[in-house]
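This report introduces the structure to a reader who has not met it before. The sequence and the model are shown first, and the report then proceeds by topic.

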Amino acid sequence: MDELMTARSLTTRPVVTLGGDAVAQVKDTVFDAAAGRIVGFALSGRGLLSGSLGHRLPWSAVHCLGHDAVMIRSRRDPAGASPVPPDGEVLRDRVLGARLLTDSGTEVGTVLDVVVAGGRSGRVVGFRVDASKALVPGPRRRRRRVYVPRGEDLTVTGRALVLPGESVRVTEDLSGLGALAAGRPGCTP
Amino acid sequence: MLFSRVRGLPVVAPDATETGVVTSLAVDVDAGTVTHLRLRGRHRRETVLPWAAVHAVEPDAVLVHAHSPGPSDAPAPPHDLLGSRVLTDTGEARGTVLDAVFDPDTGRVLAVFTTLGTLSAELLLGLGDYALVVRATG
């Protein structure tokens, strides 16, 4: 099972070649329109002008997303690497603050962060959510931050993410989210 | 022999003149060998001696070949192995390099000692300005 990490925690993570050179650091994470996987990163800092990566790193150039660094194969874009799609959802712009609903219209809460799997998949595993009153009853100040697995059939409509089904499974910690989501192989083949 | 053991050794030419003191060893991680000795010579000048010019590494001195051109100002690979951060190719931190062992006859790097244990030389992938990258195991 790949290590789970929140997209916010990826900010400032160094981008390092397999040759050991740091070429940039992560400024933001870019997701596909369905918020299903990472399509790339926006970069900042560290020798950007000397490298040819520019300010965007497509996921196809990533060797492995690790706990301490984003590993890339080389300083140059590998031939045939697809650019980051322009319609990708930059974390800060679109996904954070989005409403999470069930398809019957029940509000689950507001997205605080996106949980992704480390390794080579770039898969979105779930969301860290400021839970709504309907989901976690109680006074607002005691309302809890919970993790909700993404599942396979999430749809995106405008500024809302819609989960299929009536019941929403939630957990209070990242390891619990890993148990709710299906395991996948890691970086090593 | 340990990298740290070579540091500070005098470099002696065949005519017994001392040309400098070893400050560090430069390695080619791909080839797994020591490529240069970095020296501090007279007037604190930094020079490099290619490994091919080394005749022998003795416990108390490095002896230079009789017909080698001796130390030069040519640049060696810039990154120092000792003190380098260690990252796996999967992006996990694995401590820092404390020391390394090489064969003084061939210059082959045999193992790297880190704050988290010993790494065999076959695991090394690259050494850059940020880290020593090693193959993840297990």
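## Surface and burial of chain A

In this predicted model, chain A exposes about 8,800 Å². Carbon and sulfur atoms supply 51% of that area. Chain A has 189 residues, of which 51% count as buried.

## Secondary structure and contacts of chain A

Three helices and 14 strands make up the secondary structure of chain A. Where contacts in chain A join residues at least 6 apart in sequence, 53% of them link residues at least 24 apart.

## Salt bridges

How many salt bridges are there over all chains? The count comes to three.

One of them pairs A:R8 with A:D113, at 4.0 Å from N to O. The two residues belong to distant parts of the chain: A:R8 is in helix α1 (residues 7-10) of chain A, while A:D113 is in strand β10 (residues 107-117) of chain A, and 105 residues separate them. Is A:D113 buried or exposed? A:D113 has a relative accessible area of 3% and is therefore buried, the cut-off being under 20%. Its partner A:R8, at 42% relative accessibility, counts as partly exposed.

A salt bridge also joins A:R99 and A:E107, whose closest N and O atoms are 3.3 Å apart. A:R99 is partly exposed, at 41% relative accessibility, and A:E107 is likewise partly exposed, with a relative accessible area of 28%.

A further salt bridge brings together the side chains of A:D130 and A:R145, at 3.8 Å from N to O. A:D130 lies in strand β11 (residues 124-131) of chain A and A:R145 in strand β12 (residues 145-149) of chain A, so this salt bridge ties together parts that are 15 residues apart in sequence. A:D130 has a relative accessible area of 21% and counts as partly exposed, because the buried class holds only values under 20%. A:R145 is partly exposed as well, at 45% relative accessibility.

## Confidence in chain B

The mean pLDDT of chain B is 90, and 97% of the residues in chain B reach 70 or more. Where in chain B is confidence lowest, and where is it highest? The lowest mean, 88, belongs to strand β4 (residues 46-50) of chain B, and the highest, 97, to strand β7 (residues 85-88) of chain B. Predicted coordinates should not be read in detail where pLDDT is low.

How values were computed:
Residues are numbered from 1 along each chain as its sequence is written. Chains are lettered from A and ligands numbered from 1 in the order in which they are written. This is a predicted model: local features need pLDDT of at least 70, side-chain atom pairs count only at pLDDT 80 or more; totals for chains, interfaces and linings use all residues. Side-chain values use heavy atoms; hydrogens and water are left out. Helices (H or I, at least four residues) and strands (E, at least two) are DSSP runs, numbered from the N terminus. Buried means under 20% relative accessible area, exposed over 50%, partly exposed in between (1.4 Å probe, protein chains only). pLDDT is the predictor's confidence in each residue, from 0 to 100. Contact means heavy atoms within 4.5 Å. Accessible areas come from the Shrake-Rupley method with a 1.4 Å probe; for residues, only the protein chains shown count as cover.
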